[in-house]
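This report introduces one protein structure to a reader who has not met it before. The sequence and the structure are shown first, and the description follows.

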Amino acid sequence: MVRVELTRFRIRKGKEEKAQEWMDFLNSHHEDTVGTMKNEKMYVESVFKEENADGYTYFYWYSVQGENGQTVEQSDSYIDKKHIEYWDECIDETYHSVDMVLEENLIAPAVEKVIKDNN
């Protein structure tokens with residue numbers, strides 16, 4: 001079984017540049033970042049940015065994850081430790097994140113087989 005999620009998080013006012021630094025950090029350490037995914041049983045993780053007319057910046061986190069993966073908080077990876085630092089500084093915890101409702105999920109059979117074989 002896989003969990004497919006899309007969640008919207010709001011960036012704190014004044015932390016927009018720091019949030020971009022966060023994404024730049026993850027992108028510039030792509031190989032090490034991808035390396036953290038195995039223990040999390042994370043198969044796909046994408047972040048989208050929205051600069052909304054309400055004056056806030058939002059990150060949308062899309063993921064496809066298997067069952068019983070390690071949480072980012074359990075990781076010893078320097079990537080995950082830095083990720084948590086950025087999260088704590090940039091994500092507006094006063095805003096209740098919004099989980100989008102999944103209406104349809106199509107996964108190609110070859111990809112689904114890989115996920116099943118690794119779960």
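## A term and the model

A salt bridge is a side-chain nitrogen of Lys or Arg within 4 Å of a carboxyl oxygen of Asp or Glu. The side chains of aspartate 117 and lysine 113 meet this description, with N and O 2.7 Å apart. The model described here is predicted.

## Overall architecture

The protein chain contains five helices and four strands. Read from the N terminus, these elements follow the order β-α-α-α-β-β-α-β-α. The C-alpha trace spans about 45 × 35 × 20 Å along its principal axes.

Of the 119 residues in the protein chain, 30% count as buried. Among contacts with a separation of 6 or more, 74% are made by residues 24 or more positions apart.

## Surface and charge

About 8000 Å² of the protein chain is exposed, and carbon and sulfur atoms supply 50% of this area. The chain carries 14 positive and 26 negative charges, and the mean positions of the two sets are 2 Å apart.

A nonpolar patch on the surface is formed by Leu6, Val98 and Met100, which together have about 190 Å² of accessible area. Valine 98 belongs to strand β4, residues 98–99. Its relative accessibility is 31%, so valine 98 counts as partly exposed.

## Salt bridges

Eight salt bridges are found in a search of the whole structure. One of them joins glutamate 89 to lysine 15, with the closest N and O atoms 2.8 Å apart. This pair links distant parts of the chain: glutamate 89 is in helix α4, lysine 15 is in the loop between β1 and α1, and 74 residues separate them. Glutamate 89 counts as partly exposed because its relative accessibility is 28%. Lysine 15 is likewise partly exposed, with a relative accessible area of 26%.

The pair of aspartate 117 and lysine 113 lies within helix α5, residues 109–117, where the partners are four residues apart, about one turn of the helix. Aspartate 117 is exposed, having a relative accessible area of 53%, and lysine 113 counts as exposed at 51% relative accessibility.

A further salt bridge is formed by glutamate 51 and lysine 49, whose closest N and O atoms are 3.6 Å apart. Glutamate 51 is exposed at 62% relative accessible area, whereas lysine 49 is partly exposed at 45%.

## A buried threonine in strand β3

Threonine 57 is placed in strand β3, which covers residues 57–65. Its relative accessibility is 8%, and buried means under 20%, so threonine 57 counts as buried. Leaving aside residues up to four places away in sequence, threonine 57 touches Phe9, Arg10, Ile11, Glu16, Lys49, Glu50 and Glu51. Both partners of one salt bridge, glutamate 51 and lysine 49, are therefore among the residues that threonine 57 touches.

## Two loop residues

Lysine 13 lies in the loop between β1 (3–10) and α1 (16–28). With 48% relative accessibility, lysine 13 counts as partly exposed. Apart from residues up to four places away in sequence, lysine 13 touches Gly55 and Tyr56. Lysine 13 and glutamate 89 are 76 residues apart in sequence, and their C-alpha atoms are 11 Å apart in space.

Threonine 71 occupies the loop between β3 and α4 (78–90). Threonine 71 is partly exposed, with a relative accessible area of 36%. Threonine 71 and glutamate 40 are 31 residues apart in sequence, and the distance between their C-alpha atoms is 6.1 Å.

Conventions
Residues numbered from 1 in each chain as written. Predicted model: local features only at pLDDT ≥ 70, side-chain atom pairs only at ≥ 80, totals over all residues. Heavy atoms only, no water. Buried < 20%, exposed > 50% of the residue type's maximum accessible area, 1.4 Å probe, protein only. Contact = heavy atoms within 4.5 Å. Areas by Shrake-Rupley, 256 points an atom, 1.4 Å probe, with all protein chains shown as cover. Lys, Arg positive; Asp, Glu negative; His and termini not counted. Charge placed at Lys NZ, Arg CZ, Asp CG, Glu CD. Patch = residues over 30% accessible without salt bridge, like charges linked within 9 Å, V, L, I, M, F, W, Y side chains within 5 Å.
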